[in-house]
Amino acid sequence: MCGIVGYIGHRQADELIIKGLERLEYRGYDSAGIAIINNGLAIFKKAGKVKALRKMIKTSDTSGTLGIGHTRWATHGEPNDKNAHPHMGNNGRLALVHNGIIENYAVLKSALMAEGHTFSSDTDTEVLVHLIEEIQKEGNLALEEAVRLALNRVEGAYAIAVVDRNNPGILVGARKQSPLLVGIGDNEFFIGSDASPFLDSTKRVVYLEDGQVACISLEKGLQLRNTANEEQPPFIQTLDLQIEALEKEGYEHFMLKEIYEQPKTILDAMRGRISSKESRVTLRGLEEYANRFVRANRIIIVACGTSYHSGLIGEYLIEDLARIPVEVEYASEFRYRNPILSERDIVIAISQSGETADTMAALELAKQKGAMIYGIVNSVGSSIARLTDAGSYIHAGPEIGVASTKAFTGQVTVLTLLALSLARKLSTISNTYFQTLVRELELIPSKVEEILKENDHIKYIAKEVKDHHNALYLGRGYNFPVALEGALKLKEISYVHAEGYPAAEMKHGPIALIDENMPVYVTATNKSAYDKIVSNVQEVVARKGRVIAIVNKGEKLIAKIADHVIEIPSTEEPLTPLLSVIPLQLLSYHIAVELGRNVDQPRNLAKSVTVE
Ligand code: M6R
């Protein structure tokens, strides 16, 4: 949450920073601001999107080659001008931007007030800049040294960038539990919460480690120290990321682009890892730890949101195919309930961003307790990817729409590969069935293409149902987590209340909600539970509920009684989620567009949840 940008070099900083903030807006978009060092320190900040800030500074003097910027997702203090970052101390020298939470801010604030500091915002962040100012003042210290000493007194999570009017050649950054990268250009340097702000200038980056403080100047380059003041050599990596991936490329919204990318991203998640000709599934991360996996007592999957839903599908897949017991937990619950873990357990974290605070903390706990930790992550080089013992990237490319779509199918693809690979090693399924699943998996991208051709029909249905204020999503077996995911997609981008249920649970309560105003989205593509789900649809119809059913091509029974039917190609049951989720993503997208919502940046949300 919150995006940070910094620049020091020979070009004008303002436009580079504003453009960088626009790229980071997916991380938070309730207010934005910049600080530029010219002859003094100029700060501009504004509630609302980066667009509002851009307009505000149009006629101001923002010239200067050193600056920092921030786009905010509010934690402490409502989203308004005064709480927007950057924040300053009292003597007007320093400006600071921050992503994270300073947990002991109240204690620090009282102590600083006793020293005479006055505060002008309701944020935790402002306390940190006052603390740095106080330390700098006491010892007449260099900026980087004052920052380092201040961070030793701070509890919580942070990524920060700081500039000092009296040190116009230095940009300081630091991180703990929130991401921060340094981009190394040609006699210029960038700071970013991810690489998107500077990808068109450089692909050479240094990921800061927890507790590192970066001091950047054009004379000495990038110097790193930890908070214990030990010098640390920077490790420079070159990113394999294209700038086009950060653009809409003609689509109206990133979400739509990302839905349409899925034939490719599913293929990318399988690339080099699967071959029906060679009857093979190989996940490199898994191969290194194959013994640990086949001897595991159980696998625990931890994740949040959409990633939690793909984890549930992982549970069905791994138990069904590889016969290893699996538990799936919300990362936030797992970490606070004193779970029983041993060295024979494997904890898998699933995360698109690789930065989700609760998932990180759950992994850290699992590591402390001796479990092996494995990551299924999209964002290359992210904190979770670096913390885990091993893992598999999903290779979906940057996902910018706040609603996760292609990351979900990428995660499910990798979980399918994991389950198949384990099933092969443990001989828990026959060779023939293994071959059938591998062959079918290779066909999934083209079947997703086919579903995407139904877009106009799905848009028509969206127009028909858009005015209902509630919705129920039903599914059985492999399609139960898909029902949860469908409901989450609708809620988060259209603000329509929706719930997902196992279809058979409907009669234990939710059936009371059904009347002619309740659209019920039923996924009925699994052959094993087909008759049962037909009965569930009958039960809804009998109570005048409006049924929108996802069925296999040529299905007759449900097609006769449902209000709307979306036909999709059939596949093997364990692979059904990869197909049945696509119409639900499109339905949510079109309903949200019909309702005039901000699809890519829904209210109150942020893409990367780096606070607990
Ligand atoms: O980056 P992560 O996969 O760890 O994020 C987890 C959730 O925050 C995320 O899936 C969220 O629920 C999405 N907005 C869902 O579309």
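So, the second largest cavity: there's about 30 Å³ of space in there. Keep in mind as I go that this is a predicted model. The residues lining that cavity are Val465, Lys466, His468, Asn470, Ala471, Leu490, Val496, Pro519, Tyr521 and Ile591. Two elements give two or more residues each to that lining, namely β23, which runs 470-475, and β25, which runs 519-523. Sort the lining by class and you get seven nonpolar residues, two polar and one charged.

How many cavities of 30 Å³ or more are there? The count comes to two. The largest cavity holds about 70 Å³ of space. Its lining is made of 13 residues, and the ones nearest the centre are Thr75, His85, Gly100, Asp124 and Thr125. Strand β6, residues 94-102, gives the largest share of that lining, with three residues. Here the classes come out as three nonpolar, eight polar and two charged.

Okay, on to the pockets. The largest pocket has a volume of about 1300 Å³. There are 48 residues lining the largest pocket, and Leu241, Asn378, Val380, Gly397 and Pro398 lie nearest its centre. If you want to find it on the structure, look for β11 (204-207), β15 (237-238) and α7 (262-270), the elements that give two or more residues to the lining. Which of them gives the largest share? That would be α7, with three residues. By class, we've got 19 nonpolar, 16 polar and 13 charged residues around the largest pocket. And which domains does the lining draw on? It takes at least three residues from each of domain 1 (3-245) and domain 2 (248-450).

Now the second largest pocket. About 590 Å³ of space lies in this one. It's lined by 30 residues, and closest to its centre are Cys304, Gly305, Thr306, Lys607 and Val609. Four elements to look for here: α10 (305-322), β20 (345-351), α12 (357-368) and α17 (480-494) each supply at least two residues of the lining. The element that gives the most is α10, with four residues. The classes for the second largest pocket are 13 nonpolar, 13 polar and four charged.

Let's turn from the gaps to the packing. A bit of background: in soluble globular proteins, nonpolar side chains tend to be buried together. In this model, the largest nonpolar core has 88 residues, and Ile299 and Ile348 are the ones that touch the most other members. Helix α14, residues 406-426, contributes the largest share of this core, eleven residues. Where does the core sit? Domain 2 (248-450) and domain 3 (454-599) both give residues to it, so the core lies between them.

Let's pull up Ile348 on its own. Skip its neighbours within four places in sequence, and Ile348 is in contact with Phe293, Ile299, Ile300, Ile301, Val302, Tyr374, Ile376 and Leu418. So you can see Ile299 turn up again, among the contacts of Ile348. Apart from this core there's another one, with 27 residues, including Ala32, Phe190, Leu246 and Ile400.

Two more residues before I stop. The first one up is Ala13, in helix α1, residues 13-24. Is Ala13 buried or exposed? Its relative accessible area is 0%, so Ala13 is buried. Leaving out neighbours within four places in sequence, Ala13 is in contact with Tyr7, Ile36, Gly64, Thr65, Leu66 and Gly67. There's also a distance you can check for yourselves: Ala13 and Ala35 are 22 residues apart along the chain, and their C-alpha atoms are separated by 9.7 Å.

The other one is Lys447, which lies in helix α15, residues 431-452. Buried or exposed, for Lys447? The cut-off for buried is under 20% relative accessible area. Lys447 comes in at 12%, so it counts as buried. What does Lys447 touch? Not counting residues up to four places away in sequence, Lys447 touches Glu440, Pro569, Ser570, Thr571 and Leu579.

That's my tour, thanks for listening.

Key. Residues are numbered from 1 along each chain as its sequence is written. This is a predicted model: local features need pLDDT of at least 70, side-chain atom pairs count only at pLDDT 80 or more; totals for chains, interfaces and linings use all residues. Side-chain values use heavy atoms; hydrogens and water are left out. A nonpolar core is a set of buried Ala, Val, Leu, Ile, Met, Phe, Trp, Tyr and Cys residues joined through side-chain atoms within 4.5 Å. Buried means under 20% relative accessible area, exposed over 50%, partly exposed in between (1.4 Å probe, protein chains only). Domain bounds come from an automatic or database domain assignment. Contact means heavy atoms within 4.5 Å. On a 1 Å grid over the protein atoms alone, a cavity is a set of points where a 1.4 Å probe fits but cannot get out, and a pocket is an open set with protein on both sides within 12 Å along at least five of seven lines; lining residues have an atom within 4 Å of a point. Grid points are joined across faces, edges and corners, and a volume is the space filled by probe spheres set on the points. Ala, Val, Leu, Ile, Met, Phe, Trp, Tyr, Cys and Pro count as nonpolar, Asp, Glu, Lys and Arg as charged, and the others, Gly among them, as polar.
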